[in-house]
Amino acid sequence: MINFKATFENKRNLVKILLVTLLILIFVNSKVSASSNNTVKIAHSSWIGFYPLDLAEEKGFFEDYGVKVQIKDIESKSDSKSALAAGKIQGIATSLDTNVLSSASGLKIQNVLALDTSTGADGLVGNKNIKNFKELKGKTVALDTTGGASYFWFNYMLQKNNMKLSDIKVESMDSGAAGSAFVAGKVDAAMTWQPWLSKAKATKNGHVVMSSKSSPGIIVDTLGLSTSFIKKHPTQVKGIIKGWYKALAYMKSNPKDAYKIMSKKAGITASKLKSEMTTQIKLYDKKENKKYFGTKKNKGNIYKISKVASNLWYTSKISDKKADVNQVTNPKFVNEIK
């Protein structure tokens, strides 16, 4: 004889189990979703000074300080700016002058960390009959006129030599293409970076007219974070900075593993990457950041270079207004980290 009461109880228990299982799944999924939403996304281009960020992500150094970071490769400056404005990313690692220009154009961004300065990895290559910058007058020069470190530095040198952009025949192209154009003999000179500096030197009639080694502290890269993100997540900002410092320390204590990891991102051998990173750029650690940012009473060099960039972008008509240097510079976090 069928026990209908027992059968009903079994079905009711089964429904309870299914409901509990469903609730658990909903809870787990919501936690996963919340976790993914808390991931801080930082964009950078393929510049050797940015690879310690990738190292910190790979080794979990950011997570050691309570923040999950995803590094995204975005080469285009306009694409990274659009992504930050849309909230798709929270930070951009790029040249200081680029973040200053972005701020002048209305993007809510603040420089919170100095990453590196170029000490030879950027340069002007030219035919051997071009001995110095002034001899560019009347020559054809390949140059990225959309902004960025090369254009900023070029305009800085124009002002320093009392020259105008109209003194030169400019062909606008990105820095990599500029180097390629010079090596192919299509232009008299080019503003570019490694490996094109070495390739130019290897040509029959080419040499490096000047390198960033002659202008220390002018080409500096920074981490700019969304102003709204900084206000909402100050603890995570500190975690990101501490993760960067830990990556730099790891490069010293475990260079073999560190450069092996970073070389995969760079697409070159670990030995070549190490050679370039130790001779052609200077990475900014905790001590250097404190010095570069300074304090409110004793402001560091970042304010000076930011002002130079702001004025330069305005006078060259790249920007229709000047950036507020104090607004785009945030020294709070590098000074609070002991």
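This passage describes a sheet and the helices that pack on it in a predicted model.

The sheet is open and has 6 strands. Their order is E2-E1-E3-E10-E4-E11, and the pairing is mixed. Strand E2 (69-73) and strand E11 (281-283) form the edges. Each of these two strands pairs on one side only. On average, neighbouring strands of the sheet are turned by 30° against each other, with direction ignored.

At one edge, E11 pairs with strand E4 (residues 109-118). The sense is antiparallel, and the pairing spans 3 bridges. One bridge joins Thr-117 to Lys-282 in E11. Strands of a sheet pair through backbone hydrogen bonds, either parallel or antiparallel.

Helix H2 (residues 51-59) packs on this sheet. H2 touches strand E1 (40-44), E2, strand E3 (91-95), E4 and E11. The direction of H2 makes about 140° with that of E2. A further helix, H12 (residues 286-293), lies across E4, strand E10 (220-226) and E11. H12 runs at about 120° to E4.

H2 also packs against helix H9 (residues 234-253). The axes of H2 and H9 are 9 Å apart, and the angle is about 95°. Angles of 65 to 115 degrees count as roughly perpendicular, so H2 is roughly perpendicular to H9. From H2, the contact involves Pro-52, Leu-53, Leu-55, Ala-56 and Lys-59. These residues meet Gly-243, Trp-244, Ala-247, Leu-248, Tyr-250 and Met-251 in H9. The contact of H2 with H9 comprises 9 nonpolar residues, 1 polar and 1 charged.

How values were computed. Residues numbered from 1 in each chain as written. Predicted model: local features only at pLDDT ≥ 70, side-chain atom pairs only at ≥ 80, totals over all residues. Heavy atoms only, no water. Pairing = 2+ DSSP bridges. Helix = DSSP H or I, 4+ residues; strand = E, 2+ residues; numbered from the N terminus. Axes fitted to C-alpha atoms, helices over the stretch in contact; angles between N-to-C directions. Contact = heavy atoms within 4.5 Å. Parallel < 35°, antiparallel > 145°, perpendicular 65-115°, else oblique. Nonpolar A, V, L, I, M, F, W, Y, C, P; charged D, E, K, R; others polar.
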